[in-house]
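Please open the structure in your viewer and keep the selection panel at hand. The stops below are meant to be followed in order, each with something to select and something to look at.

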Amino acid sequence: MDATSERHTEIAERLRVVRERIEHACTGAGRETGEIGLVVVTKFFPASDIEHLVDLGVTDIGENKDQEAGAKVAELGADVRAAVTVHFIGQLQTNKANRVTRYADVVQSVDRARLVTALDRGVGTALGSGARHTPLEVTLQVDLGEGEDQGRGGALPDDLPALAEEVAGAEHLRLRGLMAVAPFGLDEAGTRAAFDRLAALGERLRADHPGASWLSAGMSGDLELAIAAGTTHLRVGSAILGSRPQQR
Ligand SMILES: *Cc1c(COP(=O)(O)O)cnc(C)c1O
């Protein structure tokens with residue numbers, strides 16, 4: 001086997017295992033696998049891996065650094081690009097917002113009003129120039145840290161209603177729900193409780209914004225707990241693509 005087909009086989013096998021984990025967790029939680037979107041996080045991995053993923057039926061990818069993401073998406077062939085929804089999931093500086101709107105279909109990491117304004121303006125420009133043809137879908141990132149927990153970025157729960165109003169009022173943005181990363185250093189019960197807090201915040205959000213039904217939570221290490229708590233979108237990287245270069 002050459003290197004390309006070896007990599008394809010490796011990703012196929014890992015993806016199969018993750019899909020089995022998802023199925024198993026859904027069975028345990030009384031949910032349908034069709035309720036769960038799988039966003040494969042491709043940060044640090046090359047565009048060729050995205051081609052393998054699309055070939056294996058993956059429809060959503062996630063990236064967390066603007067420079068890397070922009071270059072990688074530009075490398076994709078038109079058919080591969082058309083087959084995937086690109087989610088930006090990383091911390092985003094306001095001055096990079098404009099660039100992200102040229103290649104991202106979704107920004108999951110919206111955590112402050114200034115970023116909302118910058119993204120809306122960026123999408124408006126990109127629509128005007130033909131660089132994009134659709135509004136930008138947005139989830140609000142929530143900080144689930146509590147007390148001693150180390151939060152992992154995001155807006156504080158108390159700030160969500162105002163931030164949601166900002167997005168709802170933005171011409172080119174569509175509010176889809178919430179995103180969170182489990183705080184560092186929690187045991188299983190702690191992670192479960194954090195995801196339950198996220199689900200409760202999501203329910204509150206939907207009371208005012210019925211279309212904001214996404215809960216993006218669950219990564220390689222905790223996807224079962226997220227499925228039990230009601231997640232609609234998993235963001236899985238290393239379990240499918242292997243350990244990232246900086247972790248090797
Ligand atoms: C890297 C990353 C992931 C994927 O993490 P894994 O543990 O590799 O599955 C998910 N969400 C965000 C925000 C990330 O930055």
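Begin by selecting the ligand, which in this predicted model sits in the largest pocket. Next, display the residues that surround the ligand, namely Val41, Lys43, Asn64, Ile89, Val181, Met219, Ser220, Arg235, Val236, Gly237, Ser238 and Arg244. If you colour this shell by residue class, you will find 5 nonpolar, 4 polar and 3 charged residues.

From that shell, keep Arg235, Gly237 and Ser238 in view, and turn to the polar atoms. Which atom of the ligand lies 2.9 Å from a polar side-chain atom of Arg235? The partner there is a nitrogen atom of the ligand. With Gly237, by contrast, look at the backbone, where a polar atom is 2.8 Å from an oxygen atom of the ligand; for Ser238, too, select the backbone, since a polar atom there is 2.8 Å from an oxygen atom of the ligand. Switching on a surface puts these contacts in context: on its own the ligand has 390 Å² of accessible area, and the protein covers 88% of that area.

For the last stop, leave the ligand and select Phe44, which is found in the loop between β1 (37-41) and α2 (47-55). Check its backbone torsions, and you will see that Phe44 has a positive phi of about 75 degrees, although this residue is not a glycine. Is Phe44 buried, partly exposed or exposed? Its relative accessibility is 33%, and because partly exposed covers the range between under 20% for buried and over 50% for exposed, Phe44 counts as partly exposed.

Conventions
Residues numbered from 1 in each chain as written. Predicted model: local features only at pLDDT ≥ 70, side-chain atom pairs only at ≥ 80, totals over all residues. Heavy atoms only, no water. Near = heavy atom within 4 Å. Polar contact = N/O pair within 3.5 Å; in protein donor to acceptor, adjacent residues only side chain to side chain. Areas by Shrake-Rupley, 256 points an atom, 1.4 Å probe, with all protein chains shown as cover. 1 Å grid on protein atoms, 1.4 Å probe; cavity = no way out; pocket = protein on both sides within 12 Å on 5 of 7 lines; lining within 4 Å. Sits in = over half its atoms within 2 Å of the grid points. Nonpolar A, V, L, I, M, F, W, Y, C, P; charged D, E, K, R; others polar. Helix = DSSP H or I, 4+ residues; strand = E, 2+ residues; numbered from the N terminus. Buried < 20%, exposed > 50% of the residue type's maximum accessible area, 1.4 Å probe, protein only.
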